[in-house]
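Me: I would like to learn how to read a protein model feature by feature. Please give the general idea each time, then the case at hand.

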Amino acid sequence: MRHKFITTISLALAIFVGLQGPIWASDTDGSPSPNTLTYGMVKKNIKIGQSTQEDVVKLFGSPDNMVMRKSKEIWIYDRYRVETDTTTASGYGTIILAGGSKSSTTSSTRVKTITVIIDFSTSGVVEDFSMRVGGY
């Protein structure tokens with residue numbers, strides 16, 4: 001009985017979340033939210049000699065750190081994401097009047113990191129950028 005209840009609740013939650021759509025991936029106008037700082041988004045959207053500080057803020061939000069060097073700004077974005085997978089397996093066996101059940105749960109956690117460093121000219125246009133993507 002408890003297993004059916006948990007399955008029903010899990011299914012209802014999955015349907016509810018699925019109907020909501022990926023609200024964390026974009027703003028209401030369809031543009032990327034500041035939380036979409038990924039390698040692909042940086043490569044696709046940051047153009048040396050074209051992208052401005054305003055463009056970068058619209059894409060990724062305010063920088064996490066900022067450094068001034070020779071009247072030029074260097075913006076640093078440093079983000080991480082924690083991913084957790086949990087798998088539960090259960091079984092039930094019976095021999096005439098005696099029965100037994102067994103259940104096991106395994107869990108794994110990964111952390112993905114990205115650091116983006118953007119160099120701006122004195123006029124606020126991207127001069128160069130570099131990225132580091134990692135995880136453990």
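What follows is a dialogue on confidence, layout, the core, one helix and a few single residues.

Me: What kind of model is this, and how are the residues numbered?
Reply: This is a predicted model, in which local features need pLDDT of at least 70 and side-chain atom pairs count only at pLDDT 80 or more, while totals for chains, interfaces and linings use all residues. Residues are numbered from 1 along each chain as its sequence is written, and side-chain values use heavy atoms, with hydrogens and water left out.

Me: What pLDDT does the protein average, and where does pLDDT stay under 50?
Reply: pLDDT is the predictor's confidence in each residue, from 0 to 100. The average for the protein is 77, and 66% of the residues score at least 70. Over residues 10-28 pLDDT stays under 50, and for this stretch the model has nine contacts (heavy atoms within 4.5 Å) beyond four places in sequence.

Me: How many helices and strands are there in the protein?
Reply: Helices (H or I, at least four residues) and strands (E, at least two) are DSSP runs, numbered from the N terminus. The protein has three helices and four strands, in the order α-α-α-β-β-β-β from the N terminus on.

Me: Which residues of the largest nonpolar core touch the most other members?
Reply: In soluble globular proteins, nonpolar side chains tend to be buried together. Buried means under 20% relative accessible area, exposed over 50%, and partly exposed in between (1.4 Å probe, protein chains only). A nonpolar core is a set of buried Ala, Val, Leu, Ile, Met, Phe, Trp, Tyr and Cys residues joined through side-chain atoms within 4.5 Å. Here the largest one has 15 residues, of which Ile-46, Val-56, Phe-60, Tyr-77 and Ile-118 touch the most other members. Two or more residues come from each of α2, α3, β2 (72-95), β3 (98-120) and β4 (126-135), and β3 gives the most, with four residues. Of the 136 residues of the protein, 19% count as buried.

Me: Which residues of α3 are buried?
Reply: An α-helix has 3.6 residues a turn, so residues three or four places apart point the same way. In α3 the buried residues are Val-56, Leu-59 and Phe-60. They are on the same side of α3 because they cover an arc of only 70 degrees around the axis, the arc being that of the directions from the helix axis to the C-beta atoms. Glu-54 and Lys-58 are exposed on the other side of α3.

Me: Is Ser-51 buried or exposed?
Reply: Ser-51 lies in the loop between α2 (39-45) and α3 (53-60) and is buried, with a relative accessible area of 5%. A polar contact is a pair of N or O atoms within 3.5 Å; within protein, one must be able to donate a hydrogen and the other to accept it, and residues adjacent in sequence count only if both atoms are side-chain atoms. The side chain of Ser-51 reaches the backbone oxygen of Asn-45 at 3.3 Å, and a polar atom of that side chain lies 2.8 Å from the backbone nitrogen of Lys-47.

Me: What is phi of Lys-70?
Reply: Most residues other than glycine have a negative phi, and most peptide bonds are trans. Lys-70 has a positive phi, near 50 degrees. Ser-71 is not a glycine either, and its phi is positive, about 65 degrees. Lys-70 lies in the loop between β1 (65-69) and β2, where Ser-71 is also found.
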